[in-house]
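Please open the model in a viewer and keep the selection tool at hand. This tour proceeds stop by stop, stating at each one what to select and what is found there.

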Amino acid sequence: MKKGLILLFTGNGKGKTTAALGLALRAMGHHFKICMIQFIKGSWQCGELEALKRFEDLMEIHVMGRGFTWKSDDFNKDKQAAQTAWQFAKQMIASEKYQIIILDELTHIIKLKMIDEKEIVAALCAKPKDLHVIITGRDASELLVDAADLVTEMQAVKHPFKAGIKAQKGIEF
Ligand code: ATP
Ligand code: MG
């Protein structure tokens, strides 16, 4: 049986966004069309943005958040950016232009109540039937876990950050 899946990579360990990107790489080998939407923008220029320019016929990446929310100056501006990103994501989901859509850090948007959780879950459940949707982010809500077909929780056993090693090029960004 073939079925478009909802895959959720959550937990406090490293590897959620990179797992989504790894899956995208695998799928591009089968000429899948992929759209990635980043709900929270990091403060560094991530390597994947540059690398994916080589795959622009297959994959697009839209950085739509305003930056780390915990460093933010203005919650309302963040909320507005999140809502714009979500409206865009809904259009992409309905467009039937892609085989995979990645909603990176969507869990935070739900946790911060920037968008109604029920609305998100309803839109995911109404997605085109062959479309795979990948969601990443810590603290996935119960409703999101229920809606997903696959849930992997990354567990932080060790992270160099705890030993005082800062984010490094090619590993963290
Ligand atoms: P990656 O993008 O490397 O796959 P991630 O998507 O799992 O990481 P996020 O929660 O999006 O992780 O966090 C973003 C940044 O925080 C990444 O640079 C990541 O390396 C770092 N990070 C992830 N887990 C931890 C941790 N347990 N302690 C400190 N930093 C972490
Ligand atoms: Mg991430």
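**Stop 1: ligand 1**

Begin with Lys16 and ligand 1: a polar backbone atom of Lys16 is 2.8 Å from an oxygen atom of the ligand. The protein covers 80% of the 580 Å² of accessible area that ligand 1 has on its own. Please note that the model is predicted.

Next, display the surroundings of ligand 1, which consist of 13 residues. The closest are Lys14, Gly15, Lys16, Thr18 and Glu105. Select Lys14 and look at its side chain, where an N or O atom is 2.5 Å from an oxygen atom of ligand 1. Then select Gly13, which has a backbone N or O atom 3.4 Å from an oxygen atom of ligand 1.

**Stop 2: the magnesium ion**

Select ligand 2, the magnesium ion. Which residues coordinate the magnesium ion? They are Thr17, through OG1, and Glu105, through OE, at 2.1 to 2.3 Å. Thr17 belongs to helix 1 (residues 16-28), whereas Glu105 is in the loop between strand 4 and helix 4, so the pair ties together parts that are 88 residues apart in sequence. Both Thr17 and Glu105 are buried.

Remain at Glu105 and inspect its backbone. Most residues other than glycine have a negative phi. Glu105, however, has a positive phi, near 70 degrees. Is Glu105 buried or exposed? Its relative accessibility is 19%, and the limit for a buried residue is under 20%, so Glu105 counts as buried.

**Stop 3: His108**

From Glu105, move to His108, which is found in helix 4. The side chains of these two residues, His108 and Glu105, make a polar contact of 3.1 Å. His108 has a relative accessible area of 16% and is therefore buried. Select Ile40, Gly137 and Arg138 as well: His108 is in contact with these residues when its neighbours within four places in sequence are left aside.

**Stop 4: Gly11**

Keep Arg138 selected and add Gly11. How many residues apart along the chain are Gly11 and Arg138? They are 127 residues apart, yet their C-alpha atoms are separated by 4.9 Å. Gly11 is located in the loop between strand 1 and helix 1. With 6% relative accessibility, Gly11 is buried. Beyond the residues up to four places away in sequence, Gly11 touches Lys16, Gly137, Arg138, Glu153 and Met154. Lys16 was visited at the ligand 1 stop, where it is listed among the closest residues.

**Stop 5: Gln38**

Proceed to strand 2 (residues 34-38) and select Gln38. Its relative accessibility is 8%, so Gln38 counts as buried. What does the side chain of Gln38 make a polar contact with? The partner is the side chain of Asp104, at 3.2 Å. Asp104 is also one of the residues that Gln38 touches, not counting those up to four places away in sequence. The others are Glu48, Ile61, His62, Val63, Met64 and Gly65.

**Stop 6: helix 5**

Select residues 117-125, which form helix 5. The buried residues here are Ile120, Val121, Ala123 and Leu124. Turn the view to look down the axis of helix 5: its buried residues fall within an arc of 160 degrees, so they line one face of the helix. On the other side, Lys118 and Cys125 are exposed.

Now display what covers the buried residues of helix 5. The cover includes three strands, namely strand 1 (6-10), strand 4 (100-104) and strand 5 (132-136). It also includes helix 3 (75-95), helix 4 (106-111) and helix 6 (142-147).

**Stop 7: His31**

Select His31 in the loop between helix 1 and strand 2. With a relative accessible area of 60%, His31 is exposed. Its phi is positive, about 65 degrees, although His31 is not a glycine.

**Stop 8: Ala167**

Finish at Ala167, in the segment after strand 6 (150-153). Ala167 has a relative accessible area of 29% and is partly exposed. Add Trp44 to the selection: Ala167 and Trp44 are 123 residues apart in sequence, while their C-alpha atoms are 9.8 Å apart in space. Ala167 touches Trp44, Glu172 and Phe173, with residues up to four places away in sequence not counted.

Conventions
Residues are numbered from 1 along each chain as its sequence is written. Chains are lettered from A and ligands numbered from 1 in the order in which they are written. Side-chain values use heavy atoms; hydrogens and water are left out. Buried means under 20% relative accessible area, exposed over 50%, partly exposed in between (1.4 Å probe, protein chains only). Helices (H or I, at least four residues) and strands (E, at least two) are DSSP runs, numbered from the N terminus. The arc is that of the directions from the helix axis to the C-beta atoms. Contact means heavy atoms within 4.5 Å. Donors are N, O and S atoms within 2.8 Å of the metal (3.2 Å for Na, K and Ca); water is not among the atoms, so sites may look incomplete. A polar contact is a pair of N or O atoms within 3.5 Å; within protein, one must be able to donate a hydrogen and the other to accept it, and residues adjacent in sequence count only if both atoms are side-chain atoms. A residue is near a molecule or strand if one of its heavy atoms lies within 4 Å of it. Accessible areas come from the Shrake-Rupley method with a 1.4 Å probe; for residues, only the protein chains shown count as cover.
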